[in-house]
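Visitor: Could you walk me through this structure? I would like to begin with how its strands are paired.

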Amino acid sequence: MNETMELEVLTPEAQALSEKVTSVTIQGSEGELGILPQHTALISKLEFGVLTYQSNGTHELLCGAGLVEIHGNRVTILVRSAESK
């Protein structure tokens, strides 16, 4: 059984995504950032780019600039905009 984590993507207007996932890849300010379950705690700036996540297949969101917070098995992403790619 794959270990999962909770991914939540929030914009000023709405919750764009809330799902259990097995991995997340985002565009950090210093380059691409891969996140797996049990990732160390982290807060980082995000650049405009594609957020890719694994949950019964590969899915993508196009996200504006913002922040990511990783704590435990929870990844919270706060961005200006997010839409399905």
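Guide: Certainly. Please note that this is a predicted model. A good starting point is Q27, whose bridge partner in strand 4 is E32.

Visitor: How many bridges join strand 3 to strand 4?

Guide: There are 5 bridges between strand 3 and strand 4, and the two strands run antiparallel. Together they form a hairpin, with 2 residues between them.

Visitor: And which residue in strand 6 stands opposite T25?

Guide: That residue is T52. Strand 3 and strand 6 are joined by 3 bridges and run antiparallel.

Visitor: Let us turn to the interior. How many residues has the largest nonpolar core?

Guide: The largest nonpolar core has 19 residues. Those with the most contacts inside this core are L7, V24, I26, L51 and I77. At least two core residues come from each of strand 1 (5-10), strand 2 (15-21), strand 3 (23-28), strand 4, strand 6 (49-54), strand 7 (58-63), strand 8 (66-71) and strand 9 (74-79). As a general background, nonpolar side chains in soluble globular proteins tend to be buried together.

Visitor: What does I26 touch?

Guide: Leaving aside residues up to four places away in sequence, I26 touches G31, E32, L33, I35, L46, V50, L51, V68 and I77.

Visitor: How many cavities of 30 Å³ or more does a search of the whole structure find?

Guide: The search finds 1 cavity of 30 Å³ or more. The volume of the largest cavity is about 60 Å³.

Visitor: Which residues line the largest cavity?

Guide: Its lining is made up of I26, Q27, L46, E47, G49, V50, L51, C63, G64, I77 and V79. These divide into 7 nonpolar, 3 polar and 1 charged.

Visitor: Which strand gives the most to that lining?

Guide: Strand 6 gives the most, with 3 residues. At least two lining residues are supplied by each of strand 3, strand 6 and strand 9.

Visitor: A change of topic: where is A41?

Guide: A41 lies in the loop between strand 4 (31-35) and strand 5 (42-46).

Visitor: Is A41 buried or exposed?

Guide: A41 counts as exposed because its relative accessibility is 52%, and the cut-off for exposed is over 50%.

Visitor: What separation is there between the C-alpha atoms of A41 and T25?

Guide: The two C-alpha atoms are separated by 16 Å, and A41 and T25 are 16 residues apart along the chain.

Terms used:
Residues numbered from 1 in each chain as written. Predicted model: local features only at pLDDT ≥ 70, side-chain atom pairs only at ≥ 80, totals over all residues. Heavy atoms only, no water. Helix = DSSP H or I, 4+ residues; strand = E, 2+ residues; numbered from the N terminus. Buried < 20%, exposed > 50% of the residue type's maximum accessible area, 1.4 Å probe, protein only. Core = buried A, V, L, I, M, F, W, Y, C linked by side-chain atoms within 4.5 Å. Contact = heavy atoms within 4.5 Å. 1 Å grid on protein atoms, 1.4 Å probe; cavity = no way out; pocket = protein on both sides within 12 Å on 5 of 7 lines; lining within 4 Å. Points joined across faces, edges and corners; volume = space filled by probe spheres on them. Nonpolar A, V, L, I, M, F, W, Y, C, P; charged D, E, K, R; others polar. Pairing = 2+ DSSP bridges.
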